[in-house]
Amino acid sequence: MDFGFTEEQDKLRQKVRDFLEERLKIGDFQVTSNGWIESYSQEFSKEMSNKGWIGMTWPGEYGGKGHTYIDRAILMEEMLTYQAPIGFHFLGDRQVGPAIMHFGNEEQKKEYLPKIINADIAFAIGLSEPNAGSDLVSVKTFAKEEEDCFVMNGQKVWTTGAHRADYIWMIARTDLEAPKHKGISEFIVDLKSPGVTVRPIINIAGVHSFNEVFFDDVKIPKENLVGVKNRGFYQLMAQVDYERAGLERLMQNYPLFVYLLDYVKKEERDGQSICKNPHVRNTLAELEIEYQVGRLFCYQVAWTLTQGHIPNREAALCKAYCTQYEQRLSDAATRILGLGGRLMPGSKWAPLNGEAPDSYLWAVSYTIQGGSLEVLKNIVATRGLGLPVAKMKS
Amino acid sequence: MDFSLSEEQEMLKKTAHDFLTKECPPSFVKETIKDERGYSIDMWKKMADLGWMGLIFPEPYGGMEGSFLDITVLLEEMGKASLISPFFSSVILGGLALLEGGNEKQKDTFLPKVIQGDVLFTLAITEPNGKYSSDGIESTAAKSGEGYIINGTKLFVPYAHVADHIVIVARTGNGLGPDGITLFIVDSKTPGITYTPLITIAGEKEFEVTLDQVEVSYESVLGDLNRGWPIIEKVWPKVIVAKCAEMVGGAQQALEIAINYAKEREQFGRPIGTLQAVQHFCSDMVTDVDACRYITYQAAWMLSCGYPCAKEVAMAKAWCSDAFKRVTAKGQQIHGAIGFTEEHDLHLYYKNAKSWELLYGDSTFHREIVAQQMGM
């Protein structure tokens, strides 16, 4: 066992930190919870591309740097500490790129991988539908195979960033007769295609983060089918373990913890520093321990990937745990701030610029997106611990 | 980073697992708890033959010169088997105090015997005030002719009734601070010492040790006069993490017992493990167990490397204290009434979880240390 990093890894971390300090000074971004995904900047992504920090785990033949997943975790830990604006390339880097490498053909690899690595294109992910949430296999969007193309009709929902992305990586039904999980395929769809409509959805934090995406007789070239027709659900199951794996599930509101700790040390209440209050001390120490446990889980997942294994149980467990920590943090922060914990960003008198209540609102989504907490626990129990699966109606 | 055990550690783990599965089944643990001596001499000899008592001691004394990480692996398996033995008291509490604080003569005299399992040591530190800080030491050792006379009451002294030597922590200077505390190696048969068994929740053999005008020689001072507390401070992080290692194993076993039961036990015409309420319990349990393991091994690794790790040690004990208890409580809930019986095995772990939570500081105690380490 070794819980330390190599000299090379320490150097990488320092390099990333120096870069972020420099960009912070220039005013590229602010250190704000959720900033990493909400502050969307192709320009910043280009800068990262120049450093070789997009697709860094990919093999050299696809333009990657062949770094380990531990290296990528180090990069991400710094990006998230600073909440650098990585939303433009994030989904392509984490998920779509690796999926294309696994299941795409040579043309697709040549077409998309360099563009992802160079931050030329951004992806959204189209999985959920109005009647297919946790029960994802029930998707109804249908891609009918014609002579020269697929014709897509249907609807996706909760599609993060579809209003800004160039492409959507999605699943659709391609066989209406086959059993549900044997009639789904994966597609790359240009969001500028005629017949695609993106309708904004405003989340409870008042932000346009996700969307509904409608497909109305959208013609999709045949070469945009990824992998094997009707095997899309199986392909996807291998991909979501990447989606669940990262530190971005632990550190979405990381700045809140930093600001809060600083606040309780500096501010006074009842004639003494807030941090002298036993309840505050206990609460923050507990959060710190929970955070450090989450960090170990994340690095364990990265280590598992580095060993060449798919972190199935580990990734589900990690995400289930980490997102609950993020929720506890936002709740504890609002309570330590008291009435000030009700004041939103921009308000006069808002402590920590309103990050605590804002984060409390965002936190609802943390245990839902990318597999709900309960579905993840099912995965841990059945696939991880071997508990028997109850028969479901399908 | 590397989350895997080395080949040697894997071998040690397997050897320990196989040995304890055979020699220390739950039926044996239950008998041992009821036995007055509280361990099997035959099994103790076998453990010594395996080299376990010498695992972390230097070669010149007959040890195997293993790392603290190595003994963490062994202790995890001991906790998994709920082994009842003087290993912790003699090797961890007594042995480490000797190793860290003893002069060459003391180490030459005692360590080989501890390593061979021929003599048993224990440590008498805690007093009726229940404190782990230096101001909890109220027992006194007053200079008298060629030696000292010790007076006081020690509590929770493990295996004091069978120990050959007791390391006694007593005050030789004035005040209540960390200065002026001295450790003494005392023959357990010295006149003036009386032993009264305590009835502990998990059946561990612990004693009240009263010291009434106990005369000891100057040579019995462990290390230097008045410099006893720094020895305790050096040993204590290892004691805490060693206990955490046992908790990791205990939590792992409680989880395995629950999973097996959830697969077998049928209600409503199907195994209860198909019910999501039970599945989610099990998922929460394995999360707690994995976390116990990583956070404990992180601290053990830092101790092995000699890095400062006050915060990591406190985090490990805070986490394991809460998590082991949560895991066993959920295990009980999954089992229903059968878990509430002595004939079932789960209670061994349920009791250990509570007992070990309170030993060496519970989560609240250690969170305060973490708070200080965070600059609060």
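**Exercise: two positive phi angles in loops**

Find where Trp158(A) sits between strands, then work out whether it is buried or exposed.

Solution. Start with the location: Trp158(A) is in the loop that runs from strand S3 (149-157) to strand S4 (167-173) of chain A. (Helices are DSSP runs of H or I with at least four residues, strands are runs of E with at least two, and both are numbered from the N terminus.) A word on the source: this is a predicted model, where local features need pLDDT of at least 70, side-chain atom pairs count only at pLDDT 80 or more, and totals for chains, interfaces and linings use all residues. Residues are numbered from 1 along each chain as its sequence is written, while chains are lettered from A and ligands numbered from 1 in the order in which they are written.

Next, the backbone: phi of Trp158(A) is near 60 degrees, which is positive in a residue other than glycine. Finally, count neighbours: 22 other C-beta atoms lie within 10 Å of Trp158(A), so this residue is buried. (Buried takes 20 or more other C-beta atoms within 10 Å of the residue's own, exposed 12 or fewer, partly exposed anything in between, with C-beta atoms placed from the backbone.)

Now do the same for Asp270(A): which loop holds it, and is it buried or exposed?

Solution. Asp270(A) sits in the loop between strand S9 (268-269) and strand S10 (272-273) of chain A. Its phi is positive too, about 50 degrees, although Asp270(A) is not a glycine. The neighbour count is 7 C-beta atoms inside 10 Å, so Asp270(A) counts as exposed.

**Exercise: a helix pair in chain A**

Describe how helix H10 and helix H11 of chain A pack, from axis geometry to residue classes.

Solution. Geometry goes at the top: H10 (residues 312-337) and H11 (residues 355-366) of chain A have axes that come within 9 Å and cross at roughly 155 degrees. (Axes are lines fitted to C-alpha atoms, for helices over the stretch in contact; angles run from 0 to 180 degrees between N-to-C directions.) That's why H10(A) and H11(A) are roughly antiparallel. (Under 35 degrees is roughly parallel, over 145 roughly antiparallel, 65 to 115 roughly perpendicular, and the rest oblique.)

Then handedness: H10(A) passes H11(A) in a left-handed crossing. (Left-handed means that the near helix is turned anticlockwise from the far one by less than a right angle; clockwise is right-handed.)

Now the residues. On the H10(A) side, those in contact include Thr323(A), Gln327(A), Ser330(A) and Thr334(A), and among their H11(A) counterparts are Ala356(A), Tyr360(A) and Ala363(A). (Contact: C-beta atoms, placed from the backbone, within 7 Å.) By class, this helix contact has seven nonpolar, five polar and two charged residues. (Ala, Val, Leu, Ile, Met, Phe, Trp, Tyr, Cys and Pro are nonpolar, Asp, Glu, Lys and Arg charged, and the others, Gly among them, polar.)

**Exercise: Tyr349(B) and its helix pair**

Work out what H7(B) and H10(B) do to each other, then zoom in on Tyr349(B).

Solution. H7(B) and helix H10 (residues 346-358) of chain B pack at an angle of about 150 degrees, their axes 10 Å apart. That makes the two helices roughly antiparallel. Here too, H7(B) passes H10(B) in a left-handed crossing. The contact includes Gly250(B), Gln253(B) and Ala254(B) from H7(B), with Tyr349(B) and Trp356(B) among the H10(B) residues. Sorted by class, there are seven nonpolar, three polar and two charged residues.

On to Tyr349(B), which lies in H10 of chain B. This tyrosine is buried, given 29 other C-beta atoms within 10 Å. Skipping residues up to four places away in sequence, Tyr349(B) touches Ser82(B), Gly250(B), Gln253(B), Ala254(B) and Thr328(B).

**Exercise: the chains and where they meet**

Which helix of chain B gives the most to the side that touches chain A?

Solution. Begin with the contact, which takes 37 residues from chain B and 36 residues from chain A. In chain B, H7 (228-264), H8 (276-305), H9 (310-335) and H11 (363-373) each supply at least two residues. H8(B) gives the most, with 14 residues. By class, the chain B side has 21 nonpolar, 11 polar and five charged residues.

How does the radius of gyration of chain B fit a compact globule?

Solution. Chain B has 376 residues, for which a compact globule would have a radius of gyration near 21 Å; the chain's own value is 21 Å, which agrees. (The radius is taken over C-alpha atoms, and the globule rule is 2.2 Å times the number of residues to the power 0.38.) For the rest of the picture, chain B has 11 helices and 10 strands, and 53% of its residues count as buried.

Definitions and conventions:
Contact = placed C-beta atoms within 7 Å.
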